[in-house]
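Here's a quick tour of one protein model, written for someone who likes to have the coordinates open while reading. Take a look at the sequence and the fold before going on.

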Amino acid sequence: MPSAVRGSQRNIEQIVSEIEVAVSSGVLKKEREFALSLREPRHGRPTNLQTLLSKRAKIEDLRRVIKLPVLLVYESRHLTKEFYDEYLKDLIEEADSEYQSIKALLPDTLADVSVEIFLIPVPSVAELARDFKQALNSCR
C-alpha cells in the first residue's frame with residue numbers, strides 16, 4: 001500500500017467527509033445564494049453559470065459542474081535519493097500509485113462531483129509541517 005494511504009488513511013477519510021459536507025444540498029444552496037448576492041445585476045445576458053445559480057436550478061445540476069481541488073502532500077522515497085536514470089519514471093509511477101489508492105477510498109456518493117486531486121511529493125511530511133508551523137509562528 002502506498003505511503004499516503006498507509007500513513008494517513010484517517011486523514012483521507014476526513015477529507016472525504018469534508019468534501020461530502022461541502023457538496024451537500026444545504027451547503028450548496030447557501031453558497032449559491034451568496035454567489036447570487038454578489039452578482040452585478042447590470043451585467044448582460046444570462047449564462048449557463050447564471051442558470052445553475054438561479055434559485056430554480058437543481059442542486060444535482062450544480063454538483064455535476066462543481067470542481068473541488070484537493071492538495072495532498074505525500075512522502076516520496078525517490079526524493080531522498082540522488083538523481084538517477086529512472087528517477088522521473090519512478091516518480092510518475094509512485095504518484096500514479098498514490099492517486100489510485102486515494103481514488104479507491106472515494107465513496108460512490110461523490111461519483112457525480114469532480115474531485116481534482118493534486119499530489120505533491122516531499123522528502124519529509126514531518127519536516128514540512130514543522131517548517132510551516134515555524135513560518136506561521138514567525139508571522140504573528
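What follows covers the overall layout, then the core, then a patch on the surface, and finally two single residues.

Keep in mind that this is a predicted model. The protein has six helices and two strands, and reading from the N terminus the order of elements is α-α-α-α-β-α-β-α. Of its 140 residues, 27% are buried. The accessible surface adds up to about 10400 Å², with 55% of that belonging to carbon and sulfur atoms. As for contacts, if you take pairs at least 6 apart in sequence, 70% of them join residues at least 24 apart.

Now for the inside. The largest nonpolar core contains 20 residues, and the ones with the most contacts within it are I19, V23, L72, I102, V115, I117 and L119. Several elements chip in: α1 (3-22), α4 (59-65), β1, α5 (87-105) and β2 each provide at least two residues of this core. The largest share comes from β1, with four residues. What does L72 touch, leaving aside residues up to four places away in sequence? The list is I15, I102, I117, F118, L119 and I120.

On the outside, there's a nonpolar surface patch of about 490 Å², built from L71, V73, F118, I120, V125 and L128. Three elements, β1 (67-75), β2 (114-122) and α6 (125-138), each bring at least two residues to the nonpolar patch. F118 and I120 turn up here as patch members, and they also appear among the residues that L72 touches.

Two residues are worth singling out, and here they are side by side:

| Residue | Element | Relative accessibility |
|---|---|---|
| L71 | strand β1 | 60% |
| E33 | helix α2 (residues 25-38) | 43% |

Is L71 buried or exposed? L71 counts as exposed because its relative accessibility is 60%, and the cut-off for exposed is over 50%. This residue of strand β1 is also one of the members of the nonpolar patch.

E33, in helix α2, gets another label: at 43% relative accessibility it falls between the 20% and 50% limits, so it is partly exposed. How far apart are E33 and S54 in space, C-alpha to C-alpha? The distance is 8.5 Å, while along the sequence E33 and S54 are 21 residues apart.

Definitions and conventions: Residues numbered from 1 in each chain as written. Predicted model: local features only at pLDDT ≥ 70, side-chain atom pairs only at ≥ 80, totals over all residues. Heavy atoms only, no water. Patch = residues over 30% accessible without salt bridge, like charges linked within 9 Å, V, L, I, M, F, W, Y side chains within 5 Å. Areas by Shrake-Rupley, 256 points an atom, 1.4 Å probe, with all protein chains shown as cover. Salt bridge = Lys/Arg side-chain N within 4 Å of Asp/Glu carboxyl O. Buried < 20%, exposed > 50% of the residue type's maximum accessible area, 1.4 Å probe, protein only. Core = buried A, V, L, I, M, F, W, Y, C linked by side-chain atoms within 4.5 Å. Contact = heavy atoms within 4.5 Å.
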